[in-house]
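The following questions and answers go through one protein chain. They start from a single residue and move out to the sheets, the cores and the chain totals.

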Amino acid sequence: MPSKTTKPEETVTLEETKNVQTENTPEVSAPDTALPLPPATASVKKAAPTSILTLSADAEVETLESKEDTIWHELQNAYRTRKVLTGHLGGIEKMEGGGTIAIVYYKEMRVVIPLAEMMINLVEDEAHDYGELVQRQNKILGNMLGCEIDFIIKGLDNGSRSVVASRKDAMYKKRQIFYLPDANGNSRVCEDRIVQARVIAVAEKVVRVEIFGAECSILARDLSWDWLGDATESFHVGEQILVRILSVTVTSLDNITVKADVKSVNGNTSKANLGKCKIQGKYAGVVTDIHKGTVFVRLHIGVNAVAHSCYDNRLPGKKDEVSFVVTKIDEERNVAVGLISRIIRQNI
């Protein structure tokens with residue numbers, strides 16, 4: 001008698017059951033009487049397979065634990081090679097000793113960066129004592145919440161899976177790569193080049209960006225050809241924008257000054273739109289700013305306008321929608337000059 005061979009255990013998925021042929025299967029009629037049940041036997045528990053049974057035959061599903069293991073392995077490799085990683089600034093915490101730490105999340109893994117390693121450089125002199133300096137650094141750090149930053153891991157703890165990193169080291173490394181001249185005497189970040197920058201802070205009249213390890217503030221007048229009343233309406237922390245490098249001054253890795261703008265990257269349509277304006281024409285627009293009695297208006301037809309008087313009994317305010325009458329076209333400055341006939345809608 002040939003010995004019976006047991007087939008290896010196979011994994012069956014729901015997808016495979018759809019391919020079972022049923023055409024030649026003989027029809028089985030139900031018996032008149034129920035078949036006798038087999039005698040009760042003691043149940044034997046078998047060890048469950050470690051793999052996950054999936055609905056599709058070729059699908060792979062990762063558990064939360066396996067994902068964390070993969071990320072932790074990636075962090076260990078980055079620590080050994082001093083690789084620059086990128087994460088999002090997700091929190092700021094006070095330590096028991098009084099220090100401040102920034103919490104950066106890299107693929108949902110928590111990374112701690114001390115305030116001293118965030119490279120928030122401020123002038124410390126007789127006018128600014130250390131207490132005020134730390135307060136200003138905390139304020140700047142608060143404005144950076146949600147931004148994208150680079151870091152290099154400084155230490156790992158396998159037991160608690162905690163990570164300590166430095167943004168300063170990552171910025172120095174990127175400065176060395178992109179700002180120092182190569183063998184031919186050329187640097188990657190140079191004057192008149194368009195580069196990608198990260199928005200790390202936004203205020204009403206200024207946007208702060210990080211350009212390959214160096215930070216730069218761009219004023220509202222350099223952000224757009226259109227007059228901007230509030231930069232926070234057009235830019236937000238965490239986004240990436242294109243900027244043109246206006247000048248670069250490098251004296252050392254510690255001292256790099258970059259000037260850039262955004263508006264020169266985009267075409268100036270103000271001159272073309274100015275042709276849409278007609279003398280004594282009335283156009284709707286939004287007040288972007290008021291300075292020393294002069295009202296700056298951005299017309300809906302895409303033209304910057306200046307009003308020196310308002311015929312409405314109410315005083316115009318920022319973000320008010322107004323009716324503007326053109327009395328003069330200043331082609332040299334690419335603006336329409338006129339007056340505000342009335343306030344259509346006040347921004348309250």
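Q: In which strand is valine 207 found?
A: The model is a predicted one. In it, valine 207 falls within the run of residues 206-211. That run is strand E7.

Q: Is valine 207 buried or exposed?
A: A residue counts as buried when its relative accessible area is under 20%. The relative accessible area of valine 207 is 0%, so valine 207 is buried.

Q: What is the distance between the C-alpha atoms of valine 207 and alanine 231?
A: Residues up to four places away in sequence aside, valine 207 touches Val199, Ala201, Val202, Cys216, Ser217, Ile218, Leu223, Ala231 and Phe235. One of these, alanine 231, is 24 residues away along the chain. The C-alpha atoms of valine 207 and alanine 231 are separated by 7.2 Å.

Q: Which are the edge strands of the open sheet that contains E7?
A: Five strands make up this open sheet, in the order E8-E7-E6-E9-E10, with antiparallel pairing. An edge strand here pairs on one side only. The two that do so are strand E8 (214-219) and strand E10 (256-261).

Q: Which residue is the bridge partner of arginine 198 in E7?
A: Strand E6 (residues 194-202) and E7 run antiparallel and are joined by four bridges. Arginine 198 takes part in this pairing, and its partner in E7 is glutamate 210.

Q: What angle does the direction of helix H4 make with that of E8?
A: From one strand of the open sheet to the next, the twist averages 50°. Helix H4 (residues 167-178) packs on this sheet and touches E6, E7, E8 and E10. Its direction makes an angle with that of E8 of about 85°.

Q: Which element gives the most residues to the largest nonpolar core?
A: The largest nonpolar core has 24 residues, and those with the most contacts inside it are Leu75, Ile113, Met118 and Phe151. At least two residues each come from helix H2 (64-81), strand E1 (85-94), strand E2 (100-106), strand E3 (109-114), strand E4 (148-157) and strand E5 (162-166). The one that gives the most, with four residues, is H2.

Q: How many residues are in the second, separate core?
A: In the largest core, isoleucine 113 touches Ile101, Ala102, Val104, Met118, Ile149, Phe151, Ala165, Ser166 and Arg167, not counting residues up to four places away in sequence. The second core is separate and includes Val195, Val209, Ala231 and Ile245. Its number of residues is 23.

Q: What is the phi of arginine 161?
A: E4 and E5 run antiparallel and are joined by five bridges. Across this pairing, isoleucine 152 stands opposite serine 166 and leucine 156 stands opposite valine 163. The two strands form a hairpin with four residues between them, and arginine 161, in the turn, has a positive phi of about 55°.

Q: Which residue in E4 is the bridge partner of glycine 87?
A: E4 also pairs with E1, through four bridges, and the two run antiparallel. In this pairing, the partner of glycine 87 is isoleucine 149.

Q: In what order do the five strands of the barrel close?
A: Strand E11 (residues 282-291) and strand E12 (residues 294-299) run antiparallel with six bridges, and valine 286 stands opposite arginine 298 in E12. In the barrel, the pairing is mixed and the twist averages 50° from one strand to the next. The five strands close in the order E11-E12-E13-E15-E14.

Q: Which backbone nitrogens lie 2.9 Å from a polar atom of the side chain of aspartate 312?
A: Aspartate 312 sits in the loop between strand E13 (304-310) and strand E14 (321-330), and is buried at 16% relative accessible area. Beyond its neighbours within four places in sequence, it contacts Ile340, Ser341, Arg342 and Ile343. Backbone nitrogens at 2.9 Å from a polar atom of its side chain include that of arginine 314 and that of isoleucine 343.

Q: What share of the residues of the protein counts as buried?
A: The protein has five helices and 15 strands and exposes about 22700 Å², of which carbon and sulfur atoms supply 51%. Of its 348 residues, the buried share is 34%.

Terms used:
Residues numbered from 1 in each chain as written. Predicted model: local features only at pLDDT ≥ 70, side-chain atom pairs only at ≥ 80, totals over all residues. Heavy atoms only, no water. Core = buried A, V, L, I, M, F, W, Y, C linked by side-chain atoms within 4.5 Å. Buried < 20%, exposed > 50% of the residue type's maximum accessible area, 1.4 Å probe, protein only. Contact = heavy atoms within 4.5 Å. Polar contact = N/O pair within 3.5 Å; in protein donor to acceptor, adjacent residues only side chain to side chain. Pairing = 2+ DSSP bridges. Areas by Shrake-Rupley, 256 points an atom, 1.4 Å probe, with all protein chains shown as cover. Axes fitted to C-alpha atoms, helices over the stretch in contact; angles between N-to-C directions.
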